[in-house]
Amino acid sequence: MRYISTRGGMPPLPFSDTILMGLAPDGGLALPESYPQISRAQLDAWRGLSYAELAFEIIRLFADDIPAADLKDILDRTYRPDVFGSAEIAPLKRLSDGIAILELSNGPTLAFKDMAMQWLGNLFEYVLARRGETLNIVGATSGDTGSAAEYAMRGKAGIHVFMLSPNGKMSDFQRAQMFSLQDENIHNIAIDGMFDDCQDIVKAVQNDHAFKARYKIGTVNSINWARVVAQVVYYFKGYFAATAGNDERVSFCVPSGNFGNVCAGHVARQMGLPIDRLMVATNENDVLDEFFKTGRYAPRGGERTYVTSSPSMDISKASNFERFVFDLLDRDGEQVKALWAQVDGGAGFQLTPAQLRTVGERYGFCSGKSVHAERIAAIRRVDAEDGVVLDTHTADGVKVARELRRPGENVVCLETALPAKFAAAIREALDRDPPRPAGFEGLEALPQKVTVLPADAAQVKALVERALSR
Ligand SMILES: *Cc1c(COP(=O)(O)O)cnc(C)c1O
């Protein structure tokens with residue numbers, strides 16, 4: 001299996017090269033030359049597998065430059081009941097209205113990002129050791145990504161993490177989660193500024209090519225193909241859990257921001273998993289909803305990206321979206337390159353009516369939107385009817401799934417976080433605190449390790465230098 005770029009300008013590379021790469025040299029995103037096709041016999045054989053076994057069967061198709069025994073070992077160490085809270089790893093529950101919830105947030109940081117990031121940590125450690133290399137991750141976070149990355153990389157040989165976050169802008173819970181890590185290879189940097197300032201500093205560090213090469217600077221953002229591949233696994237798991245046999249079809253509803261989660265659903269569908277529809281749920285930041293309804297893709301700048309009560313979806317430029325458009329355009333990299341030149345120039349693009357029909361009919365996509373009052377109402381209703389407290393992002397998904405569901409359609413909503421992370425919105429909806437999973441009591445009282453810096457790339461670079469020369 002070799003990987004090409006969505007912009008057509010990269011010679012095919014093996015899996016292990018693409019995962020350390022970030023963007024492709026031509027500015028595109030890595031995708032396999034073709035999707036492996038899963039036969040009915042394979043589906044039948046996979047139905048009874050454990051999560052780690054299923055992950056091995058699927059990921060080995062994409063990561064074929066890693067010896068099978070090594071890959072199996074990495075996956076067995078990753079998808080463990082003691083890390084993800086149950087032998088099922090991703091259990092499915094059915095609400096009384098018939099919609100199912102696939103639980104993906106029982107990992108160390110209580111968001112679905114752990115499902116992929118825990119594997120990425122073990123994979124990075126393995127690949128770096130094999131190559132005799134080291135990696136220093138410099139990233140920016142407004143919450144979930146940073147904590148998932150830190151919990152995945154903590155204590156890993158050959159890896160340091162420098163995570164920038166806006167000083168005082170995260171929830172107490174998120175701050176405590178990250179800053180209470182005492183591992184020597186984890187460095188929290190609170191920047192006096194906004195999330196955008198943090199991201200600008202990361203870009204400045206990445207663009208200092210001499211610094212980047214000297215200190216082996218890398219990223220862990222959601223365009224990493226290894227993360228997408230790990231997410232493909234739970235679509236299979238969710239399909240098996242929601243059906244009695246492999247003749248049935250399932251639709252998935254996915255709370256979306258950077259389009260990484262639902263992109264994995266698209267890959268699973270292209271591999272032949274019997275997925276009916278892929279429902280993209282957005283919040284007030286509805287660039288993707290507009291696209292799937294009208295064929296117009298018009299990403300917005302920061303000034304038109306709203307701060308909402310489902311903050312992990314406050315994104316107006318979905319970085320993984322280019323992967324789907326590449327498939328939609330029959331993998332014509334030149335055309336993708338031309339469209340993204342329009343996107344980068346601020347103009348966006350518009351599909352033809354025939355192309356827009358293909359998005360729904362051939363690729364199964366549809367979409368919906370949920371705003372603050374609707375997500376609060378969804379949280380209240382599911383609490384009252386089922387005694388289940390949803391987080392705000394998952395509530396957006398449930399709201400959209402109810403709206404789009406056709407009679408008899410078997411819909412699985414992907415849970416993207418637990419409500420404990422977003423206590424203020426839960427108090428607004430239910431007038432009480434969200435349930436807190438065992439092991440997180442007293443989190444805010446633990447000692448915290450963080451360095452506060454002004455929004456100045458030079459000072460961040462100096463901190464990285466000092467930490468790595470110790
Ligand atoms: C990251 C995140 C999302 C968005 O997922 P994408 O892969 O970026 O589409 C939704 N909800 C939560 C809680 C998240 O952390």
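Let's start with Glu322, which sits in helix H14, a run covering residues 321-328. Keep in mind that this is a predicted model.

**Glu322 and its helix**

Is Glu322 buried or exposed? Its relative accessibility is 3%, and buried means under 20%, so Glu322 counts as buried. Even in there, the Glu322 side chain has polar company. One polar contact, 2.7 Å long, joins it to the side chain of Thr6. Another, at 2.8 Å, goes to the side chain of Arg7. If you skip the neighbours within four places in sequence, the residues in contact with Glu322 are Thr6, Arg7, Gly28, Leu29, Val336 and Trp340.

The rest of H14 follows suit. Eight of its eight residues are buried, so the helix is largely enclosed by the rest of the structure. Besides Glu322, the buried residues of H14 include the aromatics Phe321, Phe324 and Phe326, and the list also has Arg323, Val325, Asp327 and Leu328. After the helix comes Asp330, with a positive phi near 50°.

**The three-stranded sheet next to H14**

What does H14 pack on? To get there, look first at an open sheet of three strands, ordered S2-S1-S3 and paired antiparallel. Strand S2 (13-14) and strand S3 (30-32) are at the edges; each has a single partner strand, so one side of each is left without a neighbour in the sheet. H14 packs on this sheet and touches S1 and S3, with its direction at about 45° to that of S3.

Strand S1 is made of residues 2-5, and two bridges hold it to S2 in the antiparallel sense. Within that pairing, Tyr3 stands opposite Leu13 of S2.

**The six-stranded sheet**

There is also an open sheet of six strands, with mixed pairing and the order S4-S5-S15-S10-S11-S14. Its edge strands are S4 and strand S14 (365-369), each of which pairs on one side only. From one strand to the next, the twist averages 25°.

One pairing to look up in the viewer is S10 with S15. Strand S10 (residues 250-255) runs parallel to strand S15 (residues 411-414), and three bridges join them. Phe252 is the residue opposite Val412 in S15.

Helix H18 (residues 392-404) lies across several of these strands: strand S5 (100-102), S10, strand S11 (275-282), S14 and S15. Its direction is at about 115° to S14.

**Around the ligand**

How many residues surround the ligand? There are 15, and the closest are Lys113, Asp144, Gly257, Asn258 and Asn261. Three polar distances to the ligand are worth having side by side:

| Residue | Protein atom | Ligand atom | Distance |
|---|---|---|---|
| Phe259 | polar backbone atom | oxygen | 3.0 Å |
| Gly260 | backbone N or O | oxygen | 3.2 Å |
| Thr416 | side-chain N or O | nitrogen | 3.0 Å |

On its own, the ligand has 380 Å² of accessible area, and the protein covers 96% of that.

**Loop residues to look at**

Most residues other than glycine have a negative phi. Against that background, a couple of loop residues stand out. Ile89 has a positive phi of about 70° although it isn't a glycine. You'll find Ile89 in the loop between helix H5 (81-84) and strand S4 (92-94). With a relative accessible area of 2%, Ile89 is buried.

Lys216 isn't a glycine either, yet its phi is positive at about 50°. This lysine lies in the loop that runs between helix H10 (209-214) and strand S9 (217-218). Is Lys216 buried or partly exposed? Lys216 has a relative accessible area of 42%; that falls between the 20% limit for buried and the 50% limit for exposed, so this residue is partly exposed.

Another loop lysine is Lys169, placed between strand S7 (159-166) and helix H8 (172-179). Its relative accessibility of 47% makes Lys169 partly exposed. Which residues does Lys169 touch, not counting those up to four places away in sequence? They are Arg175, Gly193 and Met194. As for Phe195, it is 26 residues from Lys169 in sequence, while the C-alpha to C-alpha distance between the two is 8.4 Å.

Note on methods
Residues numbered from 1 in each chain as written. Predicted model: local features only at pLDDT ≥ 70, side-chain atom pairs only at ≥ 80, totals over all residues. Heavy atoms only, no water. Helix = DSSP H or I, 4+ residues; strand = E, 2+ residues; numbered from the N terminus. Buried < 20%, exposed > 50% of the residue type's maximum accessible area, 1.4 Å probe, protein only. Polar contact = N/O pair within 3.5 Å; in protein donor to acceptor, adjacent residues only side chain to side chain. Contact = heavy atoms within 4.5 Å. Pairing = 2+ DSSP bridges. Axes fitted to C-alpha atoms, helices over the stretch in contact; angles between N-to-C directions. Near = heavy atom within 4 Å. Areas by Shrake-Rupley, 256 points an atom, 1.4 Å probe, with all protein chains shown as cover.
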